[in-house]
Amino acid sequence: MFACTFAVLVAAFPLVAHAQSPWPTHAVRIIATSPPGGSVDFLARALAEDFGKSFGQPFVVENRPGANGNIGVELVVRAPADGHMLFVSPPGPFSINVLLMPSMPFDPARDLAPVAMLAVTPLLLVVHPSVPAKNLTELLVWLRAQNGAATYASQAVASTGYLAMELMKSRTGVEATHVPYKGSAAQAAADLLAGRVSMGFISMSTTLPHLASGRLRAIGVAELKRIHAAPDIPTLDELGLPGFEASPWLGLGTRAGVPREIVVRLADRSSRALAEPAVARRMALLGIEARPLMPDQFTEFLRSDSAKWADIIRRSGAKLE
């Protein structure tokens with residue numbers, strides 16, 4: 001009996017010791033790949049506050065936008081693999097940029113460790129009231145009659161709004177002319193409100209205030225389920241585009257080589273942080289919906305997400321220098 005018990009204790013000891021390995025030993029930097037304000041910045045700061053309380057060291061957010069997220073993530077890739085530098089980002093550095101850029105400063109598959117998918121910021125397909133379409137069927141009829149002359153706004157070629165429209169075009173055979181706004185979502189929305197462009201896939205937080213006033217008309221949401229903030233707006237899946245999902249997501253990552261134990265601890269704490277009532281309320285106001293995935297789930301999601309967009313990007317001919 002004693003020998004058996006001793007063997008069990010010896011076998012378990014490495015696991016216990018590993019679980020208690022010291023981390024973090026000093027301040028942790030969280031790189032937000034977007035400017036201050038907005039969804040990325042909010043989530044990075046919400047996580048930093050929670051992580052600091054939970055892990056006993058300061059977590060400091062640094063905003064490092066540029067190159068569709070690559071500038072900030074490159075800092076993380078070049079840091080030691082000790083879990084003291086993380087990043088929060090939209091899809092670009094994780095899975096999209098490698099499809100759009102002829103050269104990358106890092107290889108996402110080799111150099112990044114996906115920690116957790118955090119949330120999505122749902123996109124609505126909206127039109128200016130001058131467009132004589134009340135639903136998806138009418139919009140497609142109108143677009144075909146325009147023979148490609150109709151315009152759609154997005155904040156950039158690499159943006160999810162652009163990719164969503166390219167996906168819709170490939171699924172329906174319609175054509176439309178892209179009007180990019182060099183990374184300015186605010187200017188894209190302003191020109192859509194003014195009628196200088198006809199339509200676009202625009203974030204829910206930007207569009208919802210203008211639906212009730214009639215300054216914009218919603219066609220559908222680019223999610224598989226209706227969104228909590230606007231349950232009366234149908235999904236494009238419901239409207240005849242099965243499986244249509246194109247809303248941008250936000251993820252937490254670090255560099256490859258960070259110990260698995262640290263990655264799992266961060267992922268577990270992330271899901272708990274997003275469920276905190278104060279954080280959940282603020283997310284709802286910003287049009288962010290929690291969508292937590294643990295590391296293995298997130299890694300598998302990235303594979304499928306990259307495969308989904310690869311063909312769309314190839315067909316569109318989009319490139320980022």
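**Reading a predicted model, question by question**

Q: Which residues does Thr 235 touch, not counting residues up to four places away in sequence?
A: In this predicted model, Thr 235 touches Val 221, Glu 223, Leu 224, Lys 225 and Arg 226, once residues up to four places away in sequence are set aside. Thr 235 itself sits in the loop between E9 and strand E10 (249-255).

Q: What makes Thr 235 count as buried or exposed?
A: The cut-off for buried is under 20% relative accessible area. Thr 235 has 1% relative accessibility, so it counts as buried.

Q: How do you know whether Val 197 is buried or exposed?
A: Use that cut-off again: buried means under 20%. Val 197 comes out at 2% relative accessibility, and therefore it is buried. You will find this residue in the loop between H8 and E8.

Q: Which residues is Val 197 in contact with, leaving aside its neighbours within four places in sequence?
A: They are His 128, Thr 151, Ala 153, Val 179, Tyr 181, Asp 191 and Leu 192. Take Ala 153 as an example: Val 197 and Ala 153 are 44 residues apart in sequence, yet their C-alpha atoms are 6.4 Å apart in space.

Q: Why are H7 and H12 called what they are, roughly parallel or roughly perpendicular?
A: Start with the angle: the axes of helix H7 (residues 160-172) and helix H12 (residues 295-316) cross at roughly 85° and come within 10 Å. Angles of 65 to 115 degrees count as roughly perpendicular, so H7 and H12 are roughly perpendicular to each other. On the H7 side, the contact is made by Tyr 162, Leu 163, Ala 164, Glu 166, Leu 167 and Ser 170. H12 contributes Trp 309, Ile 312, Ile 313, Arg 315 and Ser 316. Sorted by type, the residues of this contact are seven nonpolar, two polar and two charged.

Q: What makes E7 and E9 stand at the edges of their sheet?
A: Look at the order of this open sheet of five strands, which is E7-E6-E8-E5-E9, with mixed pairing. Strand E7 (177-180) and strand E9 (217-221) each have a single partner strand, so each has one side without a neighbour in the sheet. On average, neighbouring strands here are turned by 30° against each other, direction ignored.

Q: How do you know that E5 and E8 pair?
A: Pairing needs at least two bridges. Strand E5 (residues 123-127) and strand E8 (residues 199-203) are joined by five bridges and run antiparallel, so they pass the test. Leu 123 has Ser 203 of E8 as its bridge partner, and Leu 124 stands opposite Ile 202 in E8. E5 also pairs with E9 in the antiparallel sense, over four bridges, with Gly 220 of E9 as the bridge partner of Leu 125.

Q: Why is E5 called largely enclosed by the rest of the structure?
A: Five of its five residues are buried, so the description fits. Both faces of E5 are covered: Leu 123, Leu 125 and Val 127 are buried on one side, and Leu 124 and Val 126 on the other. In a regular strand, side chains alternate between the two faces of the sheet.

Q: What covers the buried residues of H8?
A: The cover includes E5, E6, E8 and helix H9 (204-211). The buried residues of H8 are Ala 188, Ala 189, Asp 191, Leu 192 and Leu 193. Helix H8 (residues 185-194) lies across E5, strand E6 (151-154) and E8, at about 135° to E8. Just after H8, Gly 195 has a positive phi of about 85°.

Note on methods:
Residues are numbered from 1 along each chain as its sequence is written. This is a predicted model: local features need pLDDT of at least 70, side-chain atom pairs count only at pLDDT 80 or more; totals for chains, interfaces and linings use all residues. Side-chain values use heavy atoms; hydrogens and water are left out. Axes are lines fitted to C-alpha atoms, for helices over the stretch in contact, and angles run from 0 to 180 degrees between N-to-C directions. Helices (H or I, at least four residues) and strands (E, at least two) are DSSP runs, numbered from the N terminus. Angles under 35 degrees count as roughly parallel, over 145 as roughly antiparallel, 65 to 115 as roughly perpendicular and the rest as oblique. Contact means heavy atoms within 4.5 Å. Ala, Val, Leu, Ile, Met, Phe, Trp, Tyr, Cys and Pro count as nonpolar, Asp, Glu, Lys and Arg as charged, and the others, Gly among them, as polar. Buried means under 20% relative accessible area, exposed over 50%, partly exposed in between (1.4 Å probe, protein chains only).
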